[in-house]
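Visitor: Got a minute to walk me through this one? I'd like to start with how the helices pack.

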Amino acid sequence: MKLSHLPARVTAGALILNAGLDIKKLPDEAAAGMQDMGANGVPPVKKLSPGTFRKALSRSEVALGAALLTPFVPSWMAGAGLAGFSGALMAMYFRTPEMTKEDGIRPTEAGTPIAKDAIMFGTGVTLMLDDLMRTKK
């Protein structure tokens, strides 16, 4: 891992790891609400029970957060995970009408927290590209 990747990987990794640990403790009702929103971006999650969805999301976030924080995980791999995860969040954002203004892009007040996940998507792509471009030299 390049030293310049450290700030992005630590901040994104700590945030996602913490979220995954918090989701693990959610009651089924709260998990069902998250699942309904998540199904807008990834429709197959609707087929899961709320408990199964909560466990899968929690484990995925913990694994991604740990990968970002682990120095021997290549940045291209950690970046791909981050881009994929945040890409699913962005799909949910764009497919939930309450989250965007009439133009379908700019966030409403309800959409602002998810719209900020675009930063994680950009970070993931940057980690991938920087690492892959460096190995081609």
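**Helix packing and two buried residues**

Guide: Helices α2 and α4 are roughly perpendicular to each other. Bear in mind that this is a predicted model.

Visitor: What angle do α2 and α4 pack at, and how far apart are their axes?

Guide: The angle is about 90°, and the axes are 6 Å apart. Helix α2 covers residues 28-41.

Visitor: Which residues meet there, α2 against α4?

Guide: From α2, M37, G38, N40 and G41. From α4, A88, A91 and M92. By class, that contact has four nonpolar, three polar and no charged residues.

Visitor: OK, now α1 and α4. At what angle do their axes cross?

Guide: Roughly 50°, and the axes come within 12 Å. That makes α1 oblique to α4, because the angle falls outside the ranges for parallel, perpendicular and antiparallel. Here α1 is residues 6-24 and α4 is residues 75-94.

Visitor: Is that α1 and α4 crossing left-handed or right-handed?

Guide: The crossing of α1 and α4 is left-handed.

Visitor: And which residues of α1 and α4 meet?

Guide: On the α1 side, R9, A12 and I16. On the α4 side, S75, A78, L82 and F85. The residues of this contact split into five nonpolar, one polar and one charged.

Visitor: Switching topic. Where is G124?

Guide: G124 sits in helix α6, which spans residues 117-136.

Visitor: Is G124 buried or exposed?

Guide: Buried. G124 has 0% relative accessibility, and the cut-off for buried is under 20%.

Visitor: What is G124 in contact with, leaving aside neighbours within four places in sequence?

Guide: G79, L82 and A83.

Visitor: How far is G124 from A83, in sequence and in space?

Guide: They are 41 residues apart in sequence. C-alpha to C-alpha, G124 and A83 are 4.6 Å apart. L82 turns up twice, by the way: L82 is in contact with G124, and L82 is also one of the α4 residues that meet α1.

Visitor: One more. Where does T96 sit?

Guide: T96 is in the loop between α4 and α5, with α5 at 112-115.

Visitor: Buried or exposed, that T96?

Guide: T96 is buried, with a relative accessible area of 6%.

Visitor: What does the T96 side chain make a polar contact with?

Guide: The side chain of N40, at 2.8 Å. N40 is also one of the α2 residues that meet α4.

Note on methods. Residues numbered from 1 in each chain as written. Predicted model: local features only at pLDDT ≥ 70, side-chain atom pairs only at ≥ 80, totals over all residues. Heavy atoms only, no water. Axes fitted to C-alpha atoms, helices over the stretch in contact; angles between N-to-C directions. Helix = DSSP H or I, 4+ residues; strand = E, 2+ residues; numbered from the N terminus. Parallel < 35°, antiparallel > 145°, perpendicular 65-115°, else oblique. Left-handed = near helix turned anticlockwise from the far one by under 90°. Contact = heavy atoms within 4.5 Å. Nonpolar A, V, L, I, M, F, W, Y, C, P; charged D, E, K, R; others polar. Buried < 20%, exposed > 50% of the residue type's maximum accessible area, 1.4 Å probe, protein only. Polar contact = N/O pair within 3.5 Å; in protein donor to acceptor, adjacent residues only side chain to side chain.
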